[in-house]
Amino acid sequence: MAAPFPLSLSAIADYLRGMTTRARYWETIPLADMTPEEWEGLCDGCGKCCLNKLEDIDTGELIFTRVACRLFDDSTCKCSNYAQRKTIVPECVVLTPDTLADIAYWMPETCAYRLLHQGSPLPDWHPLVTGNPQSTHQANISMLGRTVSETAIDVEDWEDYPLDEQS
Ligand code: SF4
Ligand code: SF4
């Protein structure tokens with residue numbers, strides 16, 4: 001039987017914040033016109049943008065690994081210092097409506113920002129659709145409990161930790 005996913009205070013706060021946004025705004029409001037709360041609310045919490053990626057220099061193919069950024073907390077599937085992330089991890093890319101067009105191609109295919117940018121709907125398991133802040137984890141889309149830290153793996157060994165896209 002699957003383990004339960006108890007609601008954290010931050011998850012409840014995220015959910016309540018979502019209740020202050022316009023109804024099904026992601027279907028009608030252009031990305032550039034969303035409020036900061038609506039923009040942040042698009043994130044499904046999968047954690048996949050915090051994974052290190054390898055690029056084949058010959059083909060340009062991107063390979064996602066399970067090796068996560070040093071600030072990623074595998075037990076919560078969140079950045080452990082979101083407010084200071086850019087200071088601590090300068091290479092962390094901050095996603096905004098202005099940067100999305102240049103970044104979308106290396107975001108995971110399930111990422112809500114990438115999906116809306118390309119004109120696709122949100123998936124059925126997205127928390128905005130389900131109303132359940134844990135539904136990304138329950139659908140086995142997220143990286144909760146699935147990563148290894150980049151602080152524990154030499155960079156030349158990252159290719160030994162490919163992301164299994166089955167989940
Ligand atoms: S990949 Fe997209 S939806 Fe997933 S955590 Fe990152 S920004 Fe959020
Ligand atoms: S600094 Fe935080 S948000 Fe940025 S990649 Fe690392 S864990 Fe993710």
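**Order of elements.** I started by walking the chain of this predicted model from the N terminus, and I noted the order α-α-β-β-β-β-α-α-α-α-α-β. My tally of the secondary structure came to 7 helices and 5 strands.

**Burial and contact range.** Next I looked up how much of the chain is buried, and the value is 23% of the 167 residues. I also checked the contacts with a separation of 6 or more, and 56% of them join residues 24 or more positions apart.

**The core.** I then turned to the largest nonpolar core, which has 23 residues. Leu 42, Cys 50, Leu 51, Ala 68, Ala 112, Leu 116 and Met 143 are the members with the most contacts inside this core. I asked myself which elements give two or more residues to it. They are strand 2 (62-68) and helix 5 (112-117), and helix 5 supplies the largest share, 4 residues.

I picked Leu 51 for a closer look. Leaving out residues up to four places away in sequence, Leu 51 touches Phe 64, Thr 65, Arg 66, Val 67 and Ala 68, and also Met 143, Thr 147 and Leu 163.

**Ligand 1.** I counted 13 residues around ligand 1. The closest of these are Cys 43, Asp 44, Cys 46, Cys 49 and Cys 111. Sorted by class, I have 9 nonpolar, 2 polar and 2 charged residues in this shell.

**Ligand 2.** Around ligand 2 I found Cys 50, Cys 69, Leu 71, Phe 72, Cys 79, Arg 85, Val 89 and Cys 92. Here my class count reads 7 nonpolar, no polar and 1 charged. Cys 50 caught my eye again, since I had already listed Cys 50 among the core residues with the most contacts.

**Positive phi, two cases.** I looked for non-glycine residues with positive phi and wrote down two of them. Arg 24 has a phi of about 45° and sits in the loop between helix 1 (9-19) and helix 2 (36-41). Arg 24 counts as exposed because 11 other C-beta atoms lie within 10 Å.

The other one is Cys 77, with phi near 65°. I located Cys 77 in the loop between strand 3 (72-73) and strand 4 (78-79). Is Cys 77 buried or exposed? Cys 77 is buried, because 21 other C-beta atoms fall within 10 Å.

**Leu 95.** My next stop was the loop between helix 3 (85-88) and helix 4 (100-103), where Leu 95 lies. With 19 other C-beta atoms within 10 Å, Leu 95 is partly exposed, because a buried residue needs 20 or more. Beyond its neighbours within four places in sequence, I see Leu 95 in contact with Leu 100, Ile 103 and Tyr 113. I also noted the separation between the C-alpha atoms of Leu 95 and Trp 39, which is 9.7 Å for residues 56 apart along the chain.

**Val 129.** Last, I went to helix 6 (residues 127-130), which holds Val 129. Val 129 is partly exposed, and I count 16 other C-beta atoms within 10 Å. Setting aside residues up to four places away in sequence, Val 129 touches Leu 122 and Asp 124. How far from Trp 26 is Val 129 in space? I get 9.9 Å from C-alpha to C-alpha, with their positions 103 residues apart in sequence.

Note on methods:
Residues numbered from 1 in each chain as written. Chains lettered and ligands numbered in written order. Predicted model: local features only at pLDDT ≥ 70, side-chain atom pairs only at ≥ 80, totals over all residues. Core = buried A, V, L, I, M, F, W, Y, C linked by C-beta atoms within 7 Å. Buried ≥ 20, exposed ≤ 12 C-beta atoms within 10 Å, placed from the backbone. Contact = placed C-beta atoms within 7 Å. Near = placed C-beta within 6 Å. Nonpolar A, V, L, I, M, F, W, Y, C, P; charged D, E, K, R; others polar.
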